[in-house]
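Subject: Structure for your review

Hello,

Please find the structure below. My notes on it follow, with the cut-offs given where each term comes up.

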Amino acid sequence: MQRPHIQRTRGRNPLPALTGPAVILKDQRKHRRDDAQALIRNADTAMYHAKANGRANYKFFTEPMNAAATKRLHLESELWRALADNQLLLHYQPQIDLLSGKVVGVEALVRWRHPQRGLVGPAEFIPVAEVSGLIVMIGEWVLGEACRQNCAWQQAGLPAISIAVNISAVQFRSGRIEDNVAAVLADTGLAPELLELELTEGIVMVGANATVETLQRISDMGVKLAIDDFGTGYSSLAYLKKLPIHKLKIDQSFVRGLPDDDGDRAIVSAIISMGRAMHIEVVAEGVETETQQAVLQQMQCEHYQGFLCAPGLPTDQFRALLSKPLPLKAQGRHRPLNT
Ligand code: C2E
Ligand code: MG
Ligand code: MG
């Protein structure tokens, strides 16, 4: 799988292969043309499963894959309808300053109000939207809606905070992201510094010049860039130094182990120190307990996000939260060294 099947062309890297072999057994054969169509369909289904298992991979077609493919196709057609019928909505999760207890930012999280199933979370539909390419339209809708909402809060006299929007790798590589960001900012009038794009390590660490240039141009517009789920991917620190990154979001899997897990403590502490040294803001994700909050304060982490303050909230509830500062426990509060 890893070697010569792909031709190396000048100036281009070889692409990793994905295949989905499928066979039709003699006793399952019907008509020659049906067989050929079934083979192609099955190979396609198997390739989808190979894709889901990562790059440079293969999967043989098996019958249960058919059920999964049917479910996926059904979900995909429902998602088209969801977009057309305005069934998507955003919830807003606050980001809290660990010194002042104030809401300093918000992350927009997409939800789907399914006519039969009620509220459906992104983990259930984003993967299908990514494979089908629908994520580009969903992502554009999320970006527009988040910026419009942030402007509306400001117009209502609420404190100006930055709104973070998750960008999928497929959306980032669609080639439309820069134009889309520029158009949304122009349409809504939102100050660029009040918009933040959350990207994963997988997006920013590919090392391609085009990626760096795109990130730089978005940053030059004044828009902030954050690395989401930091620590779970393969970040090259040397490369990170060259990128216009404003924020690291420590993945919740490390925060969950605080304060007892020595490994998690070491990782969280190292990310906070690195962020401070590189003048990159650090946000701890998934903070659920006061003990975790206290440890993060002692480690001089700047911000946190998590159920301890609030989950993603509907617009009105978030608006109410934004109007009042949150009390923080006084003990263990330390001002970061560089302030
Ligand atoms: P994420 O961007 O890392 O978002 C944080 C997720 O952790 C959210 O789940 C949030 O509800 C959850 N969370 C926050 N605080 C806590 C906590 O204290 N404990 C626990 N256990 N969980 C917490 P959600 O909303 O289900 O989103 C899951 C993922 O789906 C997001 O992870 C993001 O990768 C993706 N996603 C969400 N909205 C969008 C979107 O508009 N576009 C794209 N492309 N992806 C999105
Ligand atoms: Mg995020
Ligand atoms: Mg995250």
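**Gln 149 and helix 4**

Gln 149 counts as buried because its relative accessibility is 14%; buried means under 20% relative accessible area, exposed over 50%, and partly exposed in between, with a 1.4 Å probe and protein chains only. This is a predicted model, in which local features need pLDDT of at least 70 and side-chain atom pairs count only at pLDDT 80 or more, while totals for chains, interfaces and linings use all residues. Residues are numbered from 1 along each chain as its sequence is written, chains are lettered from A and ligands numbered from 1 in the order in which they are written, and side-chain values use heavy atoms, with hydrogens and water left out.

Gln 149 sits in helix 4, which covers residues 135–155. Helices (H or I, at least four residues) and strands (E, at least two) are DSSP runs, numbered from the N terminus. Apart from neighbours within four places in sequence, Gln 149 has contacts with Tyr 92 and Thr 315, where contact means heavy atoms within 4.5 Å.

Helix 4 also packs against helix 6 (residues 177–188), at an angle of about 30 degrees and with the axes 10 Å apart. Axes are lines fitted to C-alpha atoms, for helices over the stretch in contact, and angles run from 0 to 180 degrees between N-to-C directions. The angle makes helix 4 roughly parallel to helix 6; angles under 35 degrees count as roughly parallel, over 145 as roughly antiparallel, 65 to 115 as roughly perpendicular and the rest as oblique. On the helix 4 side the contact involves Glu 140, Leu 143, Gly 144, Cys 147, Arg 148 and Cys 151, and on the helix 6 side Asn 180, Val 181, Val 184 and Thr 188.

**The chain as a whole**

The chain holds 13 helices and 11 strands. It has 339 residues, of which 45% count as buried. Among contacts with a separation of 6 or more, 67% are between residues 24 or more positions apart. The exposed area is about 18200 Å², and carbon and sulfur atoms supply 52% of it; accessible areas come from the Shrake-Rupley method with a 1.4 Å probe, and for residues only the protein chains shown count as cover.

**The magnesium ions**

For the magnesium ion (ligand 2), the protein donors are Glu 107 (OE), Asn 166 (OD1), Glu 198 (OE) and Asp 228 (OD), at 2.0 to 2.3 Å. Donors are N, O and S atoms within 2.8 Å of the metal (3.2 Å for Na, K and Ca); water is not among the atoms, so sites may look incomplete. Along the chain these donors of ligand 2 have the spacing E-x58-N-x31-E-x29-D. Glu 107 belongs to strand 4 (residues 103–114) and Glu 198 to strand 7 (residues 195–200), so this pair ties together parts that are 91 residues apart in sequence. Both Glu 107 and Glu 198 are buried.

For the magnesium ion (ligand 3), the protein donors are Asp 228 (OD), Asp 229 (OD), Glu 285 (OE) and Glu 285 (OE), at 2.1 to 2.4 Å. Their spacing along the chain is D-D-x55-E. Asp 229 lies in strand 8 (residues 224–230), and Glu 285 in the loop between strand 10 (281–284) and helix 12 (290–298), so the pair ties together parts that are 56 residues apart in sequence. With a relative accessible area of 27%, Asp 229 is partly exposed, whereas Glu 285 counts as buried at 7% relative accessibility.

Which residue bridges the two ions? Asp 228 does, and ligand 3 and ligand 2 lie 4.0 Å apart.

**A second helix pair**

Helix 2 (residues 63–84) packs against helix 3 (residues 122–132) at an angle of about 90 degrees, with the axes 10 Å apart. The two helices, helix 2 and helix 3, are therefore roughly perpendicular to each other. Arg 72, Leu 75, Glu 76 and Leu 79 of helix 2 meet residues of helix 3 including Phe 125, Val 128 and Val 131.

**Backbone points**

- The peptide bond from Leu 258 to Pro 259 is cis, with omega near 5 degrees. Pro 259 is in the loop between helix 10 (252–256) and helix 11 (262–277).
- Asn 86, a residue other than glycine, has a positive phi, near 55 degrees. Asn 86 is in the loop between helix 2 and strand 3 (88–97), and counts as exposed at 62% relative accessibility.
- Asp 229, one of the donors of ligand 3, has a positive phi near 50 degrees.

Regards
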